[in-house]
Amino acid sequence: VQLQASGGGLVQAGGSLRLSCAASGSIFGINAMGWYRQAPGNQRELVATITTLGSTNYADSVKGRFTISRDNAKNTVYLQMNSLKPDDTAVYYCNYKAQGRNYWGQGTLVTVSS
C-alpha cells in the first residue's frame with residue numbers, strides 16, 4: 001500500500017488547513033486510515049482515525065477543531081483542521097491499517113505561526 005499525502009503548509013494561528021491522503025495498491029475492504037503527527041523532540045502521536053464504516057477517534061487536543069473524513073471510493077482520507085494553534089505545528093503522517101499491517105505516508109509539514 002502506498003500513501004500520498006498533501007495539503008500541509010504555513011498558516012497563522014486561528015486559520016485552517018485541509019490535509020488529504022490517497023491510498024493505492026492492495027487496498028483491503030475493511031481498514032482504518034488516519035493521521036498522526038510528530039513535533040520536534042516529541043514522539044509521534046495520534047491525531048484522528050476513521051474506519052471504512054465511518055467510526056472516528058480523535059485526540060483530546062484536537063476535538064472540536066479537527067474533522068476527519070474519508071471517501072471510500074477514492075481510498076482517500078481528509079483532515080480538516082480549523083482554529084489552528086502554534087502547538088499544532090508538526091509533521092503530519094498519514095496512516096493505513098488493515099489485516100494487522102501498518103503503512104505510513106511520507107509526512108507533510110504543518111506550521112502554525114503565532
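User: Which residue does a disulfide join to Cys-21?

Analyst: This is a predicted model, and a search of the whole structure finds one disulfide. The sulfur atoms of the pair lie 2.0 Å apart, inside the 2.5 Å cut-off. The residue joined to Cys-21 is Cys-94.

User: How many residues apart are Cys-21 and Cys-94, and in which strands do they lie?

Analyst: Cys-21 belongs to strand E3 (residues 17-24), and Cys-94 to strand E9 (residues 90-98). The disulfide therefore links distant parts of the chain. The strands are E3 and E9, and the separation is 73 residues.

User: Is Cys-94 buried or exposed?

Analyst: Buried means under 20% relative accessible area. Its partner Cys-21 has a value of 0% and is buried. Cys-94 is at 0% relative accessibility, so the class for Cys-94 is buried.

User: What is the handedness of the link of Cys-21 and Cys-94?

Analyst: The angle about the S-S bond is -85 degrees. With that angle, the link of Cys-21 and Cys-94 is left-handed.

User: Why is the pair of Tyr-36 and Trp-104 classed as it is, and what is the class?

Analyst: The structure holds two aromatic pairs, and Tyr-36 with Trp-104 is one of them. Their ring centres are 5.1 Å apart, and the planes meet at 75 degrees. Planes over 60 degrees apart count as edge-to-face. The pair of Tyr-36 and Trp-104 is therefore edge-to-face.

User: Which strands does the pair of Tyr-36 and Trp-104 tie together?

Analyst: The two residues are 68 places apart in sequence, so the pair ties together separate parts of the chain. Tyr-36 is buried at 15% relative accessible area, whereas Trp-104 is partly exposed at 34%. Tyr-36 lies in residues 32-38 and Trp-104 in residues 101-104, which are strands E4 and E10.

User: Over which rings does the charged end of Arg-44 sit?

Analyst: One ring centre, that of Tyr-93, is 3.7 Å from the charged end of Arg-44. A second ring centre, that of Trp-104, is 4.5 Å from it. The rings are those of Tyr-93 and Trp-104.

User: Which side chains make polar contacts with the side chain of Arg-37?

Analyst: Arg-37 is found in strand E4 and is buried, with a relative accessible area of 6%. Residues in contact with Arg-37 include Glu-45, Phe-66 and Tyr-92. One polar contact of its side chain spans 3.4 Å, and another spans 2.9 Å. The partners are Ser-61 and Asp-88.

User: Which element gives the most to the largest nonpolar core?

Analyst: This core has 29 residues, of which Trp-35, Leu-79, Met-81 and Tyr-92 touch the most other members. Elements giving two or more residues include strand E1 (2-6), strand E5 (45-51) and strand E11 (108-113). Leu-79 is in contact with residues including Trp-35, Val-47, Phe-66 and Tyr-92. With five residues, the element that gives the most is E9.

User: Which residue has its backbone oxygen 2.9 Å from a polar atom of the side chain of Thr-76?

Analyst: Thr-76 is placed in strand E8 (residues 76-81) and is buried at 9% relative accessible area. Among the residues that Thr-76 touches are Cys-21, Ser-69 and Asp-71. The backbone oxygen at 2.9 Å is that of Lys-74.

Terms used. Residues numbered from 1 in each chain as written. Predicted model: local features only at pLDDT ≥ 70, side-chain atom pairs only at ≥ 80, totals over all residues. Heavy atoms only, no water. Phe/Tyr/Trp six-rings, centres within 6.5 Å; stacked < 30°, edge-to-face > 60°. Helix = DSSP H or I, 4+ residues; strand = E, 2+ residues; numbered from the N terminus. Buried < 20%, exposed > 50% of the residue type's maximum accessible area, 1.4 Å probe, protein only. Lys NZ or Arg CZ within 6 Å of the ring centre and 35° of its normal. Polar contact = N/O pair within 3.5 Å; in protein donor to acceptor, adjacent residues only side chain to side chain. Contact = heavy atoms within 4.5 Å. Core = buried A, V, L, I, M, F, W, Y, C linked by side-chain atoms within 4.5 Å. Lists of a residue's contacts leave out its neighbours within four places in sequence.
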